[in-house]
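Hi everyone, thanks for making time for this. Please have a look at the structure on the screen, and then I'll walk you through a few parts of it.

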Amino acid sequence: MMGLMASEETRTMTPPTVRSAAAHDAGKAGGSPRAWTMRLLVLGIVLSALNLRPAITSLGALLEEVRDGLGMSGSVAGLLTSVPPLCFAVFGVMAPRLARRFGAGAVVCAGMVAIATGLLVRPYAGGTAGFLAGSALALMGIAVSNVLMPVIVKHWFPDRVGSMTGLYSMALALGTALAAAVTVPLTDALGGSWQTGLALWAGLAVAAVVPWLPFVRGRATPPGAGEEATGATRPRGPVSPSASAEHARVEAPRLRMARSRTAWALAVFFGLQATAAYITMGWMAQIFRDAGVPAGTAGLLLAVTMVMGVPLAFVIPRLATRLPHQGPIVLALGVCGLAGYAGLYLAPAAGAWAWAVLLGVANCAFPLALTMVGMRARTGPGVARLSAFAQSTGYLISIPGPLLVGVLYQHSGGWGLPIALMSALMIPQMAVGFLAGRDRTVEDEAAR
């Protein structure tokens with residue numbers, strides 16, 4: 001698939017005026033630098049996407065063992081499940097600035113290193129504080145990669161935003177499901193230590209570092225190459241410095257995202273879908289276990305929820321790019337979520353597989369949100385700023401959700417109130433998602 005996609009891009013796209021260091025080096029060595037670069041870039045995107053959720057879902061599968069091993073209460077465990085959106089909000093906003101200085105490829109490469117290091121360190125750091133610190137390091141790497149992936153896709157694949165976002169989202173869903181499905185069996189096979197079961201995912205992150213190494217710059221991005229770092233597009237053919245500056249003024253107006261209603265709608269939609277996703281990843285396996293489902297089966301049910309995103313994450317972005325208004329897709333996903341929550345409340349064990357499927361469909365609001373980030377801005381810099389604003393603001397909005405679920409669970413002694421909260425949050429998610437799906441761009445609303 002990667003080879004076909006790379007060759008397709010070679011046929012349909014004109015190479016950017018400013019190429020990456022990898023393309024330049026490949027050109028000196030002979031062969032087709034464009035094809036080589038595109039194949040390597042697709043491989044890097046896929047491997048990076050595979051690493052963006054195992055840090056979370058592997059923990060969800062072993063949350064009970066981690067709680068017992070570290071002596072956590074339900075409220076502290078809720079805090080632990082709130083760490084991902086907190087880190088995504090705090091560190092994600094730094095991604096565009098880092099990309100302008102060092103290059104997007106270099107930042108993603110560093111992000112993969114941070115993921116590998118954090119996953120390897122956190123099980124053995126000793127105590128809850130050390131575990132949280134190791135988790136934060138891994139999540140920092142995930143945060144910057146989250147923000148920069150839409151930027152990289154917009155820059156390198158401007159005519160394939162839907163299909164490349166779908167491929168990236170599909171790989172992300174596959175990594176999420178894989179960690180949920182095999183963490184418990186692998187832990188048992190390796191002696192039953194939850195530390196080993198969590199640390200083994202560092203190996204996948206190490207593999208993701210390799211494709212990005214040729215894109216790492218040894219210094220700050222030189223003048224004139226800022227488009228690669230931020231995702232901006234350049235005019236075709238030779239461009240004089242004055243023309244380049246004029247192009248930058250025309251194509252990259254200064255944007256104030258806080259003035260854009262579309263940006264706010266997308267940010268709130270992103271935040272509410274993230275709330276649902278992290279509650280699901282952090283707590284759904286425990287809901288099933290408390291209903292009498294064995295631990296291994298509960299992990300498989302979580303994996304089913306996550307694996308639903310593999311085919312749908314490829315289909316939904318392609319469908320979204322063909323529609324003038326993405327609101328109907330938002331509503332359909334929301335209805336599936338409400339049905340899944342109703343099932344969890346009424347018959348969590350009896351209909352477990354059906355509820356897992358329905359919630360998996362609802363979780364595909366994430367690739368839809370990523371696709372809308374690429375569609376609601378016309379330029380590369382616009383996408384970079386919108387991605388940072390929507391994800392950072394959205395993840396801030398999502399922080400209280402998983403924590404509140406843990407508190408409600410501990411103090412009510414059951415899952416009735418937490419599930420009621422999840423259901424209630426789905427209504428505004430559908431409303432703001434419908435608004436974010438309107439056919440307009442942030443440049444029309446936020447330029448100054």
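Let me start with a word we will need: two residues are in contact, or touch, when they have heavy atoms within 4.5 Å of each other. And please keep in mind that this is a predicted model.

With that word in hand, which residues does Ser 73 touch, not counting residues up to four places away in sequence? They are Arg 67 and Gln 410. You will find Ser 73 in the loop between helix H5 (63-70) and helix H6 (74-92). Ser 73 counts as partly exposed, because its relative accessibility is 29% and that class runs from 20% to 50%. Now look for Val 407: it sits 334 residues from Ser 73 in sequence, yet their C-alpha atoms are 9.6 Å apart in space.

Let's step back to the whole chain. How many helices and strands does it have? The secondary structure comes to 24 helices and zero strands. There are 448 residues, and 58% of them count as buried. If we take the contacts with a separation of 6 or more, 83% are between residues 24 or more positions apart.

Next, please find helix H16, residues 295-307. We can check its length together. It has 13 residues, and at 1.5 Å a residue it should span 18 Å; the multiplication uses one less than the number of residues. The C-alpha atoms at its ends are 18 Å apart, so the model agrees with the expectation. The buried residues of H16 are Ala 298, Gly 299, Leu 301, Leu 302, Ala 303, Val 304, Thr 305 and Met 306. What do those buried residues pack against? Their partners are the helices H4 (54-61), H10 (161-189), H15 (261-290), H17 (309-322) and H19 (352-362).

Now for the empty spaces. Rolling a probe the size of a water molecule over the atoms shows where empty space is left. The structure holds six cavities of 30 Å³ or more, and the largest has a volume of about 230 Å³. Its lining has 20 residues, and the closest to the centre are Leu 172, Thr 176, Met 306, Asn 363 and Phe 366. You have already met Met 306, as one of the buried residues of H16. The elements giving two or more residues to this lining are H10, H15, H16, H17 and helix H20 (365-375). Helix H15 has the largest share, with five residues. By type, the lining divides into 12 nonpolar residues, seven polar and one charged.

Finally, the aromatic rings. The count comes to nine aromatic pairs. One of them joins Trp 264 and Phe 389: their ring centres are 5.1 Å apart, with 85° between the planes, an edge-to-face pair. This pair links distant parts of the chain, since Trp 264 is in helix H15 and Phe 389 is in helix H21 (residues 380-398), 125 residues apart. Are the two partners buried or exposed? Trp 264 counts as partly exposed, at 38% relative accessibility, while Phe 389 counts as buried, at 16%.

Tyr 409 and Trp 415 make another pair: the ring centres are 4.1 Å apart and the planes meet at 15°, so this pair is stacked. Both Tyr 409 and Trp 415 are buried. Ring pairs also link Phe 270, Tyr 278, Phe 366 and Tyr 395 into a cluster, and Phe 366 is a residue we saw at the largest cavity.

That's my tour, thanks for listening!

Note on methods:
Residues are numbered from 1 along each chain as its sequence is written. This is a predicted model: local features need pLDDT of at least 70, side-chain atom pairs count only at pLDDT 80 or more; totals for chains, interfaces and linings use all residues. Side-chain values use heavy atoms; hydrogens and water are left out. Helices (H or I, at least four residues) and strands (E, at least two) are DSSP runs, numbered from the N terminus. Buried means under 20% relative accessible area, exposed over 50%, partly exposed in between (1.4 Å probe, protein chains only). On a 1 Å grid over the protein atoms alone, a cavity is a set of points where a 1.4 Å probe fits but cannot get out, and a pocket is an open set with protein on both sides within 12 Å along at least five of seven lines; lining residues have an atom within 4 Å of a point. Grid points are joined across faces, edges and corners, and a volume is the space filled by probe spheres set on the points. Ala, Val, Leu, Ile, Met, Phe, Trp, Tyr, Cys and Pro count as nonpolar, Asp, Glu, Lys and Arg as charged, and the others, Gly among them, as polar. Rings of Phe, Tyr and Trp (its six-membered ring) pair if their centres lie within 6.5 Å; planes under 30 degrees apart count as stacked, over 60 as edge-to-face and the rest as tilted.
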